[in-house]
Amino acid sequence: MTAPGAGARLLVTGGAGFIGSCFVRDLLARRDGTRIVVLDKLTYAGNRANLAPVEADPEQAARFTLVQGDIADPAAVAPLVADVDGVVNFAAESHVDRSILDPAAFLRTGVDGVYVLLEAVRRETDRVAAGERPLAPRLLQVSTDEVYGSVETGFSRESDPLAPRSPYAAAKAAGELLAGSYHATYGLDVVITRGSNTYGPYHHPEKLIPLFVTNALDDQPLPLYGDGMQVRDWLHVSDHAGAIDHVLRFGAAGEVYNVPGSHPVPNRDIVAQLLAHLGKPWSLVRHVEDRPGHDRRYAMDGTKLAALGWTNRVAFADGLAATIDWFRANEAWWRTARSGDWGAYYERQYAGRLARAEHGARAEGAGRVAGSARRGTES
Ligand code: NAD
Ligand code: DAU
């Protein structure tokens, strides 16, 4: 099998989202002849504007096509897969909190959608055996560190058992297990990446860093779940996209590769850093009820990817500062992302939590006043 490299024809599913669009922008900007078709359902998280830099450049635009469609729709998927050397599947519902509110779409895209992609690749693999095409397409399934579940100590290795704890993580685990089974059973050329918490430009404002940056810019409360001591391992989006490209080119068929950020930070510290950069006060933070089943810590061992020759390039302090500045400079982008169902989602996810946090803070304040008044009487 020869993995797709320079000049390849790629199908990038979910390529109008946060990480997928970075992958498309970065690959096409290399001007190495690679041609990309993006298949994207353009859900609330998909945004054609994320690909505007590509569409504005005639040389890149000539090597790029956007098709609006669903990876769970075989009629949309089959003809596109028939025409490419590789499929990179970013398409997913990606927000843990939404998976807790409404899991159905997570299963449709994360399980049924992956099945439809695999069946299409299987058909193309059969066509190779029939002498109808020279090589089968490689499929790279983009997965996540969340499939390991909460890792209290140590570092997850690729051979560790999976223990997903949210409907999002369970759908991602199901998708990658299905992909692995098609390699073992039908000999499909499948590779899997498990990336850690990714940040950077074009990140949807429902996620921690962009939510807190944009709320802080509006002087709105920042809803920090629980004690804020949960640890996430932060990976810049261009490093995540670069690692995926590296595994697509050099990864061994049937293998899984962790993609760690190697920059673990408790949520509280991230919030303190972004408030300091924005010059906004900690008093914007509200400690609200925790996410149900909230994973305490993710941490992955990156030895296998390093041995394949990949190293991250972006230092966290630089990446975070540039990301915050990007959001400051691109208000129209994030205001658009906060349209559609945003108001209803925000109300459902946060209104009760924020109201109860205010109520709790008022009750605590009143208790303190009554306590000191009592102490005053007693003395
Ligand atoms: P995102 O939500 O920003 O983008 C997802 C994209 O998929 C959107 O453009 C959306 O329109 C599209 N999509 C959704 N359902 C679809 C369907 N049925 N058919 C076609 N397109 C569909 O997500 P992201 O943060 O860019 O994540 C991309 C991938 O990386 C996901 O598979 C996610 O699980 C994985 N991942 C994300 C992170 C992270 O921190 N963001 C970390 C590790 C892995
Ligand atoms: O670890 C990889 C995963 O990272 C990806 O697979 C997911 O697609 C991606 O969304 C992300 O999941 P998280 O749940 O870690 O990201 P999120 O930005 O939602 O939350 C990061 C941390 O911040 C988490 O501990 C929950 C906390 N948080 C989040 C939000 C949205 C808050 O405290 N308050 C919030 O309002």
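## A tour of two ligand sites and a helix pair

Begin by selecting ligand 2, which 25 residues surround; the closest are Asp145, Tyr168, Asn197, Arg291 and Tyr350. Please keep in mind throughout that the model on screen is a predicted one.

**Polar contacts of ligand 2.** Display the side chain of Glu146: one of its polar atoms lies 2.9 Å from an oxygen atom of ligand 2. Then select Arg232, where a polar side-chain atom is likewise placed 2.9 Å from an oxygen atom of this ligand. For Pro223, show the backbone instead, since a backbone N or O atom of this residue lies 2.8 Å from a nitrogen atom of ligand 2. How much of ligand 2 does the protein bury? Taken alone, ligand 2 exposes 680 Å², and the protein buries 95% of that.

**The shell around ligand 2.** Switch to a cartoon representation and select helix H5 (96-101), helix H8 (208-217) and strand E8 (222-225); each of these elements supplies at least two residues of the shell. Colouring the shell of ligand 2 by residue class should give 10 nonpolar, 8 polar and 7 charged residues.

**Moving to ligand 1.** Select ligand 1 next. Of the 29 residues around this ligand, Ile19, Asp40, Ser94, Tyr168 and Lys172 come nearest. Tyr168 was also listed among the closest residues to ligand 2.

**Backbone contacts of ligand 1.** Show the main chain at Phe18, where a backbone N or O atom lies 3.0 Å from an oxygen atom of ligand 1. At Phe90, a polar backbone atom is 3.0 Å from an oxygen atom of ligand 1. At Leu42, the corresponding distance from a polar backbone atom to a ligand 1 oxygen is 3.5 Å. On its own, ligand 1 has 830 Å² of accessible area, of which the protein covers 96%.

**The shell around ligand 1.** Which elements each supply at least two residues of this shell? Select helix H1 (18-29), strand E5 (138-144) and helix H7 (167-186) to see them. The largest share, 3 residues, comes from E5. Classified by type, the shell of ligand 1 has 11 nonpolar, 14 polar and 4 charged residues.

**The H6 and H7 pair.** Keep H7 selected and add helix H6 (residues 104-129). The axes of H6 and H7 come within 8 Å and cross at roughly 15 degrees. Angles under 35 degrees count as roughly parallel, and H6 and H7 are therefore roughly parallel to each other. To finish, view the pair along the line joining the two axes: the crossing of H6 and H7 is right-handed.

Definitions and conventions. Residues numbered from 1 in each chain as written. Chains lettered and ligands numbered in written order. Predicted model: local features only at pLDDT ≥ 70, side-chain atom pairs only at ≥ 80, totals over all residues. Heavy atoms only, no water. Near = heavy atom within 4 Å. Polar contact = N/O pair within 3.5 Å; in protein donor to acceptor, adjacent residues only side chain to side chain. Areas by Shrake-Rupley, 256 points an atom, 1.4 Å probe, with all protein chains shown as cover. Helix = DSSP H or I, 4+ residues; strand = E, 2+ residues; numbered from the N terminus. Nonpolar A, V, L, I, M, F, W, Y, C, P; charged D, E, K, R; others polar. Axes fitted to C-alpha atoms, helices over the stretch in contact; angles between N-to-C directions. Parallel < 35°, antiparallel > 145°, perpendicular 65-115°, else oblique. Left-handed = near helix turned anticlockwise from the far one by under 90°.
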